[in-house]
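Below is a short briefing on one model, covering a helix pair and two loop residues. Please look at the backbone first.

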Amino acid sequence: MELIKHFWVGWVGFTLIMSSVKSLFDVNIWIAFAFLLGSVIVDIDHYIWYVSKFRKYNIVDCYSFFLRDRDIKVYRNKFLVLHKWTSLILVLVVSFLIQNFILLMFVYGWFLHLMLDGK
Ligand SMILES: [Zn+2]
């Protein structure tokens, strides 16, 4: 859960998509934004896990917990559904089935997120 790292890598992807693909396919900003969103929003499951575990809603405390205490036992036993490859593959299949390019770009951002997390 390193939001700043995920945001900047997603931002690089966003700008690359906007600068390179736009001229080829006349892509709109939502496709690039979907990539950026996919590379960052995946960490929402950390917050959901934190709230369900500790009944605390402070997002700053949550962020500090995951940066500071990521190796403690309670964290190692967590289940983060958005950090599972099976979840990503399911959404990838759905994006192909419904032929939604925006969802596909979201999955590409998500894929990058999991690679950066070392999953
Ligand atoms: Zn993550």
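Is R55 buried or exposed? R55 is exposed, as 7 other C-beta atoms lie within 10 Å; a residue is exposed with 12 or fewer other C-beta atoms within 10 Å of its own, buried with 20 or more, and partly exposed in between, with C-beta atoms placed from the backbone. This is a predicted model, in which local features need pLDDT of at least 70, side-chain atom pairs count only at pLDDT 80 or more, and totals for chains, interfaces and linings use all residues. Residues are numbered from 1 along each chain as its sequence is written.

**Loop residues with positive phi**
- Most residues other than glycine have a negative phi.
- R55, which is not a glycine, has a positive phi near 55°, and R55 sits in the loop between helix 3 and helix 4 (helices are DSSP runs of H or I, at least four residues, numbered from the N terminus).
- Q99 also is not a glycine and has a positive phi of about 55°.
- The loop between helix 6 (85-97) and helix 7 (101-117) holds Q99, which counts as exposed with 8 C-beta neighbours inside 10 Å.

**Helix 3 against helix 4**
- The axes (lines fitted to C-alpha atoms over the stretch in contact) of helix 3 (residues 44-54) and helix 4 (residues 59-68) come within 10 Å and cross at roughly 100°.
- Helix 3 and helix 4 are therefore roughly perpendicular (65 to 115 degrees, on a scale from 0 to 180 degrees between N-to-C directions).
- From helix 3, H46, Y47 and Y50 meet I59, C62, F65 and F66 of helix 4; contact requires C-beta atoms, placed from the backbone, within 7 Å.
- The residues of this contact are six nonpolar, one polar and no charged; Ala, Val, Leu, Ile, Met, Phe, Trp, Tyr, Cys and Pro count as nonpolar, Asp, Glu, Lys and Arg as charged, and the others as polar.

Definitions and conventions. Helix = DSSP H or I, 4+ residues; strand = E, 2+ residues; numbered from the N terminus. Parallel < 35°, antiparallel > 145°, perpendicular 65-115°, else oblique. Contact = placed C-beta atoms within 7 Å.
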